[in-house]
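Student: Can we go through how the labels on this one get assigned? I'd like to see each value held up against its rule.

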Amino acid sequence: MINKQEIIDLVDQYLLAAESESFLVDVTVNRDNKIVIEIDNDEAVDIDECVAISRYIDEHMDREKEDFELEVGSFGLTSPLKTLRQYAKFEGEEMEVLMRDGRKLKGILGAADEEGFDLTWTAKEKVEGKKKKEEVTHQEHLLHKDVNRIYYNF
């Protein structure tokens, strides 16, 4: 089976050598040796760069030793965030967060770190002394371990 870390190292080598603004989001290698590489960029991922990464991987892997299928693509807006660099890219944007406890939050993404991220959201809630529910703003530091997925809300 193909070593995932070897693929990560090759992609990192390419991005460094090409002085690319793109960054690696994820690499998956399944049992059938299908390799899927996902990259992102603070601006936009160029299809030519995906092709160049694919060629670079092809040139540095030995298909005689182990055959594989290779797919290089860009992070999609419907994909969940996976790296801190993506959190930084979307800071200040409206996000949709699916919590492990079943809650679904829509709010503005704040700063993120290795443990979690800040989210500011508004919800209609019963307020003491009021008959009608009112909009209440919450700001909370959510832990990555408590979140199923976080998506850009477009």
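Student: Why does D32 count as exposed?

Tutor: First, a caveat: this is a predicted model, where local features need pLDDT of at least 70, side-chain atom pairs count only at pLDDT 80 or more, and totals for chains, interfaces and linings use all residues. Residues are numbered from 1 along each chain as its sequence is written, and side-chain values use heavy atoms, leaving out hydrogens and water. Now, buried means under 20% relative accessible area, exposed over 50%, partly exposed in between (1.4 Å probe, protein chains only). D32 has 69% relative accessibility, so exposed it is.

Student: What makes K82 and E38 a salt bridge?

Tutor: The rule wants a side-chain nitrogen of Lys or Arg within 4 Å of a carboxyl oxygen of Asp or Glu. For K82 and E38 the N to O distance is 3.0 Å, so the pair passes. The two sit 44 residues apart along the chain.

Student: Why is E38 called buried, and why is K82 only partly exposed?

Tutor: E38 has 13% relative accessibility, so it counts as buried. K82 comes in at 41%, so it is partly exposed.

Student: And what makes D67 exposed?

Tutor: Its relative accessibility is 53%, so D67 makes the cut. D67 also has a salt bridge with R63, at 3.0 Å from N to O.

Student: How do you know that β5 and β6 pair?

Tutor: DSSP has to find at least two bridges between two strands. Strands β5 (residues 104-112) and β6 (residues 116-125) have four, in the antiparallel sense.
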